[in-house]
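Work through the exercises below with the model open beside you. Try each task before reading its solution.

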Amino acid sequence: MIYSEKVMEHFQNPRNVGVIKDADGVGEVGNPVCGDMMTFYIKVKDNRLADIKFQTFGCGAAIAVSSMVSEMAMGKTIEEALKISNKTVAEELGGLPKNKLHCSNLGADALHKAIENYKERQKAAKKEAPKKSVSEEKCYCPYCDGPIEGLENYCQACQIELELCPQCGQLSKKGEEKCPRCGAKKAKA
Amino acid sequence: MKRIYMDHIAATPLHPLALEAMLPYLKENFANPQSPHSAGQEAAAAVDEAREKVAQLIHSLPSEISFTASGSESNNFALKGLALAHKSRGTNIVLSAIEHQSVLHSARSLEKLGFSITLVGVDKYGIVDPAEVEKAISKQTVLASVMLANSEVGTIEPVKEIAQVCRSHNVLFHTDAVAAVGNIAVDVRELEVDTLSLAANQFYGPKGAAALYIKKGTRILPFIDGGIQEGGRRAGTENVSGIVGLGMAAEIAGREMGSRRECLKPLRDRLIQLLPQKVDRVLLTGHPEIRLPHHASFCIEFIEGEAMLLNLDLKGIAASSGSACTSKALKASHVLLAMGLDHATAQGSLVFSLVEGTTAEDVNYLLEVFPPIVERLRKMSPLYTKYLEEKER
């Protein structure tokens, strides 16, 4: 087994799976290109997370991380919940395989997004209907596997410009005539 | 708990007779085949005998077989050895988009040495159209490579026709037959390819033993420089026990390929027929008929492959997946994407590849434990929730 006992335990018995229909905040992160997607729902009472539910599309680590985040944040104040980080989640789970560490990023991110969404709704309560807070897509460089920050299609580590193939949606080096993944000819910019 | 192994494409079990044939060369007869003493000459004879057996399996001459340490090495050897030996004739390489990484990445290395790559796409079944290969060939094209069978989707490619196209344009042709040799009939005289890779661990032989068929008279650069082993093309002391195991596995495959097929194909067909009946929104990947006889591959919508593999493993079933999370690089399968599947669907990739000894009970057990696994994961999936919401509308 590639995972720790704790990860497998959460994977087999994930806590707080589900949807809160009348949630006070909803946060979505990830996209299928990177492999994992998480949606967190929160109910807030007296500045505390009274209920948390999540849904996750992803690998064993992603499911375990979601479950662990929901357990760690349950009953905490907003401020305490915002202190939960990818690092602390991975530590609580007894470590994650190195190449899976980005899944844990998503767990805390999704919770934080839901909290952010809750705060936005509080502010906007008088003005207009709340919207879901959807994060920008986080992607990884196909050459070095380092994270691509924000929406910039530029890998800091490799110092190369990247672009999305219109055919398969995979990132590849900008300026290449053909997509190395699917073979589709890229339109010349 | 009973363990059920359905991951042929990763490695097959070692045939007891292959193991038995190997043991003497790990124990009492440890000598180097290049040594002139009688112990060495016994080892050399064993290597020669294995070479004959491998040659027999693919209908080549023994002298056309070079032993290597893996299918990946054979592919590296072929791509780099052929391209560099014939560079003066041209610097373009034509590849199918679904080649194994060892072919794709070899070509990418060659790019740094001045070669260019032209990729040929596939249809929704993963089949390469020989006419598309012909279109991709330019005056600069020196080498083309299309695999004989794809291990991820099981599809068998029209390699004979593609080889013919290449020959008519004076383009060298390599086929990665690692997933095919030992499982389906492969005859290099009929295929008329220039080079062909095979590996023992795909047909009940040991790991670390593989070969490259190099057609007589083909100019190719040595892959490992050094001594005179493998005709000077691949130096290094021979892996005698591995080679002997490969030879024995080849002999057994030649004899038993038909009966293995008779056993496994009906079970595989049953799986392909019944799994989509037990679970909705399941897609068979690869061609329904033109595929490896032991191979069943699917995409299960709305859930991810590794999560399914872990759950199957907890039930004692070993399978594999081409999902991004399963791969160390966290990238979705280039094969499934090339076949036109979107990322979310490709993430649900699952491959059941049966091995000798798989029983009807094993398949029944899989069909029994699998639907609850899918149901459980779908309950957790935001994509499935969205799908249900849209369905209600």
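**Exercise 1. Chain A as a whole**

Task: Write out the order of helices and strands in chain A, starting at the N terminus.

Solution. Chain A reads α-β-β-β-α-α-α-α-β-β-β-β-β-β from the N terminus. Its secondary structure amounts to five helices and nine strands. Keep in mind that the model is predicted. Next, look at burial. Of the 189 residues in chain A, 43% are buried. Finally, look at contact range. Take the contacts in chain A between residues at least 6 apart in sequence: 50% of them join residues at least 24 apart.

**Exercise 2. Two residues with positive phi**

Task: Locate N47(A) and E192(B), then say how exposed each one is.

Solution. Start with the background. Most residues other than glycine have a negative phi.

- N47(A) has a phi near 65°, a positive value, and is not a glycine. N47(A) sits in the loop between strand 2 (36–45) and strand 3 (48–57) of chain A. Count its neighbours: 10 C-beta atoms lie inside 10 Å, so N47(A) is exposed. The cut-off for exposed is 12 or fewer.
- E192(B) also has a positive phi, about 55°, and is not a glycine. Its place is the loop between helix 7 (188–191) and strand 7 of chain B. Here 15 other C-beta atoms lie within 10 Å, so E192(B) is partly exposed.

**Exercise 3. The domains of chain B**

Task: Which residue ranges form domain 1 and domain 2 of chain B, and what makes up the side of domain 1 that touches domain 2?

Solution. Domain 1 of chain B covers 4–10 + 256–392, and domain 2 covers 16–253. Their C-alpha centres are 29 Å apart. The contact draws 22 residues from domain 1 and 23 residues from domain 2 of chain B.

Now take the domain 1 side. Helix 8, strand 10 (295–300) and helix 10 (334–338) of chain B each give at least two residues to it. Helix 10 of chain B has the largest share, three residues. By class, this side of domain 1 has nine nonpolar, ten polar and three charged residues.

**Exercise 4. A helix pair in chain B**

Task: Describe how helix 2 (residues 38–58) and helix 8 (residues 240–278) of chain B meet.

Solution. First the geometry. The two axes come within 8 Å and cross at roughly 35°. The crossing of helix 2 and helix 8 of chain B is left-handed. Next, the residues. Helix 2 of chain B contributes, among others, A43(B), A46(B), V47(B) and A50(B). Helix 8 of chain B contributes residues including I243(B), V244(B), G247(B) and A250(B). Last, the classes. The contact holds twelve nonpolar, three polar and three charged residues.

**Exercise 5. Helices 3 and 4 of chain B**

Task: Check the length of helix 3 (residues 71–85) of chain B against its expected span, then find what the buried residues of helix 4 (residues 101–111) of chain B pack against.

Solution. Helix 3 of chain B has 15 residues. At 1.5 Å a residue, it should span 21 Å. Its end C-alpha atoms are 21 Å apart, so the model agrees. Helix 3 of chain B is mostly covered, with twelve of its 15 residues buried. Among them are F77(B), L79(B) and L82(B).

Turn to helix 4 of chain B. Its buried residues are S102(B), V103(B), L104(B), S106(B), A107(B) and L110(B). These pack against helix 3, strand 3 (92–96), strand 4 (116–120), strand 5 (141–145) and strand 6 (172–176) of chain B.

**Exercise 6. Two loop residues of chain B**

Task: Are Y204(B) and S321(B) buried or exposed?

Solution. Use the cut-off: buried needs 20 or more other C-beta atoms within 10 Å.

- Y204(B) lies in the loop between strand 7 (195–199) and strand 8 (210–214) of chain B. It has 28 other C-beta atoms within 10 Å, so Y204(B) is buried. T12(B) is 192 residues away in sequence, yet 5.1 Å away in space, C-alpha to C-alpha. Beyond its neighbours within four places in sequence, the contacts of Y204(B) include T12(B), P13(B), A249(B) and E356(B).
- S321(B) is in the loop between strand 11 (317–318) and helix 10 of chain B. It has 28 C-beta neighbours inside 10 Å, so S321(B) counts as buried. S321(B) and Q347(B) are 26 residues apart in sequence and 8.5 Å apart in space, C-alpha to C-alpha.

Definitions and conventions:
Residues are numbered from 1 along each chain as its sequence is written. Chains are lettered from A and ligands numbered from 1 in the order in which they are written. This is a predicted model: local features need pLDDT of at least 70, side-chain atom pairs count only at pLDDT 80 or more; totals for chains, interfaces and linings use all residues. Axes are lines fitted to C-alpha atoms, for helices over the stretch in contact, and angles run from 0 to 180 degrees between N-to-C directions. Helices (H or I, at least four residues) and strands (E, at least two) are DSSP runs, numbered from the N terminus. A crossing is left-handed if the near helix is turned anticlockwise from the far one by less than a right angle, and right-handed if clockwise. Two residues are in contact if their C-beta atoms, placed from the backbone, lie within 7 Å. Ala, Val, Leu, Ile, Met, Phe, Trp, Tyr, Cys and Pro count as nonpolar, Asp, Glu, Lys and Arg as charged, and the others, Gly among them, as polar. Domain bounds come from an automatic or database domain assignment. The expected span of a helix is 1.5 Å times one less than its number of residues.
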